[in-house]
Amino acid sequence: MKIVTLTLNPALDKSAKVDNLTPENKLHCHSITYKPGGGGINVSRILKRLGIESSCIFPSGGETGSFLEELILNEDINLKTIPVSEKTRENLSVLDTQTGLQYRFGIPGAELLTKELIAIQTTVDHIIDDNYILVLSGSLPQNAPSDFYAQIIQSVSKYNVKIILDTSGEALKKTIDENLYLLKPNQNELAKLAGKDFLTSAEQEAFVTELIQTKNIKYIVVSMGARGAFLASKKGIHYQSTPSVMVKSTIGAGDSMLAGLIYGIQNELHEKKMLRWGVACGTATTMSDGTALASLKNIEIINGMMHK
């Protein structure tokens, strides 16, 4: 199966370190790095490290967009960009080396013109074909209609395509009735989808079981942060805990988990193994600085630790 990732709200991710983060003082940053960012882009980056090719679609504008494209090409990832008038956003994460605390500053994404949104939808429709996996990951641009993901899914429904969805808020609510192969919310997103602020473990299991039974969703994988994740299907529910590791950054961990799950789907692994690969990739990413994401070596180490 060919894999296509769509990132509607991409970012150039800048990370830096500061030796003592205090107010008012002039802070001297060091260890500056730039990495590609955005849900689907990060999925493509991890898939590449796992030896799986994908086509990476995203809107790109201005100098930051050009730099983002350059960084992705440097990782030997196939890309297809849609030129847009507003420049691509730039996010910032700062690590205080004295406390080990990381501060993440998310900048609002570009507002896309109606013709640009149409161009994105047309591009996806032209690329997708039978036996493809389409990954819809990340937030929507500020002015995009909340059902934009649902529109894209409907436009490719004429093909035999597996839809992988990882989003939140209204975008998630408006897409839940579509034909989804895999849905990956975190615990907070799952609670919001249920119309609550918090769900107990029993309530989580009951809610995902209800979704599997009443909606057209094959798999739901709920990420639980440092406690791992669980997978629900018509066969039941499986849990996978994470081994203890030194956490350096959580940026991109959810996207990395999604890539590991897709690796399992691509290799037709049993759902328990599929979940293990997802948790391994997500955990391995937390071991890397800033927005570097997981190394293949760390993915293999974590996978081996969970396999014992």
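**Entry 1: the β4 and β5 end of the sheet**

I began with strand β4 (residues 55–60) in this predicted model, and I found that β4 and β5 pair in the parallel sense over six bridges. Looking for a single pair to follow by eye, I noted that F58 has T81 in β5 as its bridge partner. Helix α2 (residues 62–74) packs on the sheet here and touches both β4 and β5, and its direction makes about 165° with that of β4.

I then traced the whole sheet, which is open and consists of nine strands in the order β5-β4-β1-β8-β9-β10-β11-β12-β13, with mixed pairing. At its edges I found β5 (78–83) and β13 (236–240), each of which pairs on one side only. Neighbouring strands of this sheet are turned by 20° against each other on average, if direction is ignored.

**Entry 2: from β9 to β11**

Further along that order I looked at strand β9 (residues 161–166), which runs parallel to strand β10 (residues 180–183) and is joined to β10 by two bridges. Here I could place L165 opposite L183 in β10. On going from β10 to strand β11 (residues 217–223), I counted three bridges, again between strands that run parallel, and I saw that L182 stands opposite Y219 in β11.

**Entry 3: helix α4**

I turned next to helix α4 (residues 148–155), where six of the eight residues are buried, leaving the helix mostly covered. I listed the buried ones as F148, Y149, A150, I152, I153 and S155. What do the buried residues of α4 pack against? I found β9 and β10 from the previous entry, together with β1 (2–6), α3 (114–127), β8 (132–137) and α5 (169–173).

**Entry 4: T7, after β1**

I went to the loop between β1 and β2, where T7 is found. Is T7 buried or exposed? Its relative accessible area is 1%, which is under the 20% cut-off, and T7 therefore counts as buried.

I then asked which backbone nitrogens the side chain of T7 reaches. A polar atom of that side chain lies 3.0 Å from the backbone nitrogen of G40, and the side chain also reaches the backbone nitrogen of I41 at 2.8 Å. Leaving aside neighbours within four places in sequence, I listed the contacts of T7 as G38, G39, G40, I41, I57, F58, P59 and S137. I recognised F58 from my first entry, as the bridge partner of T81 in β5.

**Entry 5: strand β6 and its partners**

My last stop was strand β6 (residues 89–96), which is largely enclosed by the rest of the structure, because six of its eight residues are buried. I looked up its pairing with strand β2 (residues 11–18) and found the parallel sense over eight bridges, with L12 standing opposite E90 in β6. With strand β7 (residues 102–105), β6 pairs in the antiparallel sense over four bridges, and here I marked R104 in β7 as the bridge partner of S93. The hairpin of β6 and β7 has five residues between the strands, and I noted that G100 takes a positive phi near 80° in this hairpin.

Definitions and conventions. Residues are numbered from 1 along each chain as its sequence is written. This is a predicted model: local features need pLDDT of at least 70, side-chain atom pairs count only at pLDDT 80 or more; totals for chains, interfaces and linings use all residues. Side-chain values use heavy atoms; hydrogens and water are left out. Buried means under 20% relative accessible area, exposed over 50%, partly exposed in between (1.4 Å probe, protein chains only). Two strands pair if DSSP finds at least two bridges between them. Contact means heavy atoms within 4.5 Å. Axes are lines fitted to C-alpha atoms, for helices over the stretch in contact, and angles run from 0 to 180 degrees between N-to-C directions. A polar contact is a pair of N or O atoms within 3.5 Å; within protein, one must be able to donate a hydrogen and the other to accept it, and residues adjacent in sequence count only if both atoms are side-chain atoms.
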